[in-house]
Amino acid sequence: MRKPDGKIVLLGDMNVGKTSLLQRYMERRFPDTVSTVGGAFYLKQWRSYNISIWDTAGREQFHGLGSMYCRGAAAVILTYDVNHPQSLVELEDRFLGLTDTANTDCLFAIVGNKVDLVEDRAAEAQEKEGHGPGTAGGGGGGSPEVPRQVRPEDAVALYKKILKYKMLDEKEVPAAEQMCFETSAKTGYNVDLLFETLFDMVVPVILRQRAQGPPQTVDISSCKTPRRTRSGCCA
Ligand SMILES: Nc1nc2c(ncn2[C@@H]2O[C@H](COP(=O)(O)OP(=O)(O)OP(=O)(O)O)[C@@H](O)[C@H]2O)c(=O)[nH]1
Ligand SMILES: [Mg+2]
């Protein structure tokens, strides 16, 4: 198997839908999932590049593994559930520190999943107000207020905090609006957009890394053969 050219890692609290997002993208379906143990990866060929996408466990007991999975990552997808504000807070408190082992030019995407549930609640609220589904788009009072738990602006604020934490200049990295997504693994909403936007962004990172060469490699062919001393040590 050819070594992957780049690595993308999904991080986030348990139950936010990391495995479901990856399965929706790779297998085009929304199967029942079990809580992930450790981690697993898929290989995706994108243009002429092999990209590994790592799914990690959100459960606290596997937390220590996170920084290992992030080692050398070209992009990290920080995932939360739009219906659970605490899952966004956890990204900053618990998961961001794990990305210290990623590449220095690692890209960050912030993904609010399960957006279909927001729409479900909106439909329920609409029904309660006496507008059946048949009246949808019929004007009148318009959509009722959606009982939204996490607003897109909250994700943008986190993205900006990440740039500060990483000491990155806002002008030199993709804009927050480009890197914050709302998705539904259940319906497939924005799932292709998320992964394919990242693949396109990761390719130049891979090319840059190749041009720079592997950072900590010693070229042994350029080393002189050591002279052996009588004691057997090298001089
Ligand atoms: N309604 C809805 N449910 C979802 C969505 N994505 C995932 N789920 C459900 O949420 C639950 C958890 O999904 P997983 O993909 O296993 O979550 P995870 O983040 O991988 O969880 P860990 O592996 O424990 O870290 C499952 O019951 C999924 O069916 C979504 O977009 N919409
Ligand atoms: Mg999982």
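**Entry 1: overall build**

I began with the secondary structure of the protein, which comes to 7 helices and 6 strands; I note at the outset that I am reading a predicted model. Following the sequence from its start, I wrote down the pattern β-α-β-β-α-β-α-β-α-α-α-β-α. I then looked up burial and found that, of the 235 residues of the protein, 42% count as buried. For the contacts between residues at least 6 apart in sequence, I noted that 74% join residues at least 24 apart.

**Entry 2: helices α3 and α5**

I turned next to one helix pair, namely α3 (residues 85-95) and α5 (residues 152-165), whose axes come within 11 Å and cross at roughly 0°. Since angles under 35 degrees count as roughly parallel, I recorded that α3 and α5 are therefore roughly parallel to each other. On the α3 side I listed Leu 88, Leu 91 and Glu 92 as the residues making the contact, and on the α5 side Asp 154, Ala 155, Leu 158 and Lys 161. Sorted by class, the contact of α3 with α5 comes to 4 nonpolar residues and 3 charged ones, with no polar residue.

**Entry 3: salt bridges**

I looked up the salt bridges and found that the structure holds 13 of them. As background I keep in mind that side chains of opposite charge can pair when their charged atoms come close.

The pair I examined to begin with is Asp 5 and Arg 210, where the closest N and O atoms of the salt bridge are 2.7 Å apart. Asp 5 sits in the segment before β1 (6-12), whereas Arg 210 belongs to helix α7 (residues 191-212), so this salt bridge ties together parts that are 205 residues apart in sequence. I checked the accessibility of both partners: Asp 5 has a relative accessible area of 17% and is buried, while Arg 210, at 49%, is partly exposed.

I then took Arg 28 and Asp 192, which form a salt bridge with the closest N and O atoms 2.8 Å apart. Here too distant parts of the chain are linked, with Arg 28 in the loop between α1 (18-27) and β2 (39-46) and Asp 192 in helix α7, 164 residues apart. Arg 28 counts as partly exposed at 48% relative accessibility, and Asp 192 counts as partly exposed at 29%.

Another entry on my list is the salt bridge between the side chains of Asp 105 and Arg 208, at 3.3 Å from N to O. Asp 105 lies in the loop between α3 and β5 (107-113) and Arg 208 in helix α7, so the pair ties together parts that are 103 residues apart in sequence. For Asp 105 I noted 26% relative accessibility, which counts as partly exposed, and for Arg 208 a relative accessible area of 40%, also partly exposed. I closed this part with a network: Asp 13, Glu 60, Glu 90 and Arg 94 are joined into one by salt bridges that share partners.

**Entry 4: the magnesium ion**

Which residues coordinate the magnesium ion (ligand 2)? I found Thr 19 and Thr 36, each through OG1, at 2.0 Å. Thr 19 is in helix α1 and Thr 36 in the loop between α1 and β2, 17 residues apart, so I logged the pair as a link between distant parts of the chain. Thr 19 is buried, with a relative accessible area of 16%, and Thr 36 is likewise buried, with a relative accessible area of 16%.

**Entry 5: positive phi values**

I looked for backbone angles worth a note and stopped at Lys 114, a residue other than glycine whose phi is positive, near 65°. Lys 114 has its place in the loop between β5 and α4 (115-128). Asn 190, not a glycine either, has a positive phi of about 65°; this residue lies in the loop between β6 (180-182) and α7 and, at 23% relative accessibility, counts as partly exposed.

**Entry 6: Phe 30**

Last, I looked up Phe 30, which is found in the loop between α1 and β2. Is Phe 30 buried or partly exposed? With a relative accessible area of 41%, Phe 30 is partly exposed. Leaving aside residues up to four places away in sequence, I found that Phe 30 touches Ser 20, Arg 24, Ala 185 and Lys 186. I also took the distance from Phe 30 to Arg 208, whose C-alpha atoms are separated by 35 Å, the two residues being 178 apart along the chain.

How values were computed: Residues numbered from 1 in each chain as written. Chains lettered and ligands numbered in written order. Predicted model: local features only at pLDDT ≥ 70, side-chain atom pairs only at ≥ 80, totals over all residues. Heavy atoms only, no water. Axes fitted to C-alpha atoms, helices over the stretch in contact; angles between N-to-C directions. Helix = DSSP H or I, 4+ residues; strand = E, 2+ residues; numbered from the N terminus. Parallel < 35°, antiparallel > 145°, perpendicular 65-115°, else oblique. Contact = heavy atoms within 4.5 Å. Nonpolar A, V, L, I, M, F, W, Y, C, P; charged D, E, K, R; others polar. Salt bridge = Lys/Arg side-chain N within 4 Å of Asp/Glu carboxyl O. Buried < 20%, exposed > 50% of the residue type's maximum accessible area, 1.4 Å probe, protein only. Donors = N, O, S within 2.8 Å, 3.2 Å for Na, K, Ca; no water.
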